[in-house]
Amino acid sequence: MSNKNENTKDENKWRQSTKLVRGGLDRSHHGELSEAIYMTQAYAYDSAEQAEQSFTGEIDHYVYSRYGNPTVSMFENRLALLEGADHCRALASGMAAVYCALASQLKAGDRVVASRALFGGCEYVINTALPKFGIKTEFVDGSDLDAWKEALSTPVDAVFIETPANPTLEIIDIAAVAELTHKAGGKLIVDNAFASPILQKPLELGADIIIYSATKHIDGQGRVLGGAILSNDKSFIEDELQPFYRNVGPSLSPFNAWVLVKSLETLELRVTRQSENALALAKFLETLPGVERVFYPGLTSHPQHDLAMKQMSGSGGTVVSFEAKGNGKQDVFKALNKLQIIDIANNLGDLKSMITHPQTTTHQRLSDDERAAMGISPSLVRLSVGIEDIEDLKEDLTRALG
Ligand SMILES: *Cc1c(COP(=O)(O)O)cnc(C)c1O
C-alpha cells in the first residue's frame, strides 16, 4: 500500500538492530547516505497516460502527499518491518492514530469495550466522541480478567487497551484479551506507546491493530508529534483505514517523518538504556526515606511481574511510579521543586528524565472518585526515566526524597 520501495533485499530476515538502521531505505539516484526529505505536496508525471495510470493504480507512483509521500513511506516501512506488520500508516499525532483506527471501522450501533485507565485523549475519544455517533462504549478494569470475560460474553466490535497503564503501570494480559475479543467477534486494538515497539510486540500476542504515539519513545528526543497504525488485517487496512485516511487528512508531514526515520535508528539503544536506568531507579526509590511505595513492572513486588516479564521482553519498561510519604500534593510539590536534573514535564519516553504529579497535571480533569478508581492518589508521582548517568539521577532523587 504505502510501499514504494521495490527492494530486492530480504529485509524481513534482518535482526532488529539492522532493521532499525536500514529498513525501508529508499535511496534516490543520488545515493544519499542519510534518508532524503521529500518536502513536496504533489508529483509530476512524464505523460498524461502516466498520470491516468497512477490514479487507476496500474502503476506505483505517488499522486498527492495527503495519500502518501516517499519520506513518510520510509518511516512506515521501517516501523512495519520492526513490528512484523504487513501494513503501516503514519499519522500526524498519536491521537490522530487512535481516532482514525476507531472511527474508520465503526458505525452507529457498534459496541466498544476499553480498559479504564487510558491516556486522556483516548478516554475522550471513547467516552465522548464516539458515543455522539451512536457507538456504544464501556470500560472495564484492565487487569481483571474476570471483568473482561464478563464484558466480552456479549458481541463486541472493537476492544481498546493500553498496557502498561498510565500512570499506575498495571499490566493487561494481551494474549488473553485477544482471545476473548476474537470469540466475541471483535478486533483488539493495543495502544503500545508506553511499552514501545522494542519491548512489546502486540501483533505477535494476538492483537489485530497497534497504535503508536510516535511522539513518545519513537522520537524520544522531544521534537515532533507523530503517530502510526499497524496491522496485518488486509480488509481493515484496504477497505476501512485507507479510504478514511486519504479523505479525512491526518497525514504526517514529510519533515516530521524524516525526524522519526532517524529516531528509529537509535530507538533500541535508547529504550534499552532507559529500561536499565528505570529498573535501577525503581530499586533505589524503594530505599529512599521519602518514598512510601514503588510501582514498577520490573520489580518482583509488582502484582503482575511475571506477566510483564513474559509480554514485555523481560523488561519493566521506562516508566516508574511511586507514592511519596507525607500529605499528598503539598509534599510532592516540595520534593519536585528540589530536583536539579530531572525535568518537571508531563511527556514520557524521552531520553531526558521527566517527572509529573498526575493528580494536578495529566489526570487533573478527572474527579477525585474517578482518580481513586484508577489508583491515582494525591501522593502518586510518575517518573519517565531517560539515558542520563544513573548516579546523577540517584543523587537528584536523593536531593528530593532522601
Ligand atoms: C501520548 C499518548 C497518546 C497521544 O499521542 P499524541 O502524539 O500526543 O497525540 C496516546 N496514547 C498514549 C498511551 C499516550 O501516551
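**Exercise 1. Strand pairing**

In what sense do strand β6 and β7 pair, and over how many bridges? Work from the predicted model.

*Solution.*
Step 1. Locate the partners: β6 covers residues 209-213, and β7 covers residues 227-231.
Step 2. Read the pairing. β6 and β7 run antiparallel, with five bridges between them.
Step 3. Fix the register with one pair: Tyr212 stands opposite Ala228 in β7.
Step 4. Turn to strand β1, residues 87-91. β1 is also antiparallel to β7, and five bridges join the two. Here Leu91 stands opposite Gly227.

**Exercise 2. Surroundings of β7**

Find how many residues of β7 are buried, and sort them by the way they point.

*Solution.*
Step 1. Apply the cut-off: a buried residue has under 20% relative accessible area.
Step 2. Count. Five of the five residues in β7 are buried, so the strand is largely enclosed by the rest of the structure.
Step 3. Recall the rule for a regular strand: side chains alternate between the two faces of the sheet.
Step 4. Sort. Gly227, Ile229 and Ser231 point one way, while Ala228 and Leu230 point the other way. Both sets are buried.

**Exercise 3. The faces of helix α2**

Assign the buried and exposed residues of α2 to its faces.

*Solution.*
Step 1. Take residues 48-56 as α2. Its buried residues are Gln50, Ala51 and Ser54.
Step 2. Look down the axis. The buried residues fall within an arc of 105 degrees, so they line one face of the helix.
Step 3. Go to the face turned away from the buried side. It carries the exposed residues Ala48, Glu49, Glu52 and Thr56.
Step 4. Check what follows α2. Gly57 comes after the helix, and its phi is positive, near 90 degrees.

**Exercise 4. Cysteines**

Determine how many disulfides the model contains, and inspect Cys88 and Cys122.

*Solution.*
Step 1. Set the cut-off: the two sulfur atoms must lie within 2.5 Å.
Step 2. Count. There are zero disulfides.
Step 3. Test Cys88. The nearest cysteine sulfur belongs to Cys100 and is 13 Å away. Cys88 is in no disulfide.
Step 4. Test Cys122. Its closest cysteine sulfur is in Cys100, at 13 Å, which is too far for a bond.
Step 5. Add burial. Cys88 is buried at 2% relative accessible area, and Cys122 is buried at 1%.

**Exercise 5. The ligand site**

Identify polar side-chain contacts to the ligand, then say how much of its area the protein buries.

*Solution.*
Step 1. Survey the shell. Residues surrounding the ligand include Ser93, Gly94, Met95, Phe119, Cys122 and Glu162. Asp191, Ser213 and Thr215 are also among them.
Step 2. Start with nitrogen. A polar side-chain atom of Asp191 lies 2.6 Å from a nitrogen atom of the ligand.
Step 3. Move to oxygen. An N or O atom in the Ser213 side chain is 2.8 Å from a ligand oxygen atom. For Thr215, a polar side-chain atom lies 2.6 Å from an oxygen atom of the ligand.
Step 4. Assess cover. Alone, the ligand exposes 380 Å², and the protein buries 92% of that.
Step 5. Name the elements giving two or more residues to the shell: α4 (94-103) and α9 (215-219).

**Exercise 6. A serine in a helix**

Is Ser275 buried or exposed, and which backbone oxygen lies 2.7 Å from a polar atom of its side chain?

*Solution.*
Step 1. Place Ser275: it sits in helix α11, residues 254-285.
Step 2. Classify. Ser275 has a relative accessible area of 9% and is buried.
Step 3. Find the partner. The backbone oxygen is that of Val271.

Notes. Residues numbered from 1 in each chain as written. Predicted model: local features only at pLDDT ≥ 70, side-chain atom pairs only at ≥ 80, totals over all residues. Heavy atoms only, no water. Buried < 20%, exposed > 50% of the residue type's maximum accessible area, 1.4 Å probe, protein only. Helix = DSSP H or I, 4+ residues; strand = E, 2+ residues; numbered from the N terminus. Arc of directions from axis to C-beta. Pairing = 2+ DSSP bridges. Near = heavy atom within 4 Å. Polar contact = N/O pair within 3.5 Å; in protein donor to acceptor, adjacent residues only side chain to side chain. Areas by Shrake-Rupley, 256 points an atom, 1.4 Å probe, with all protein chains shown as cover.
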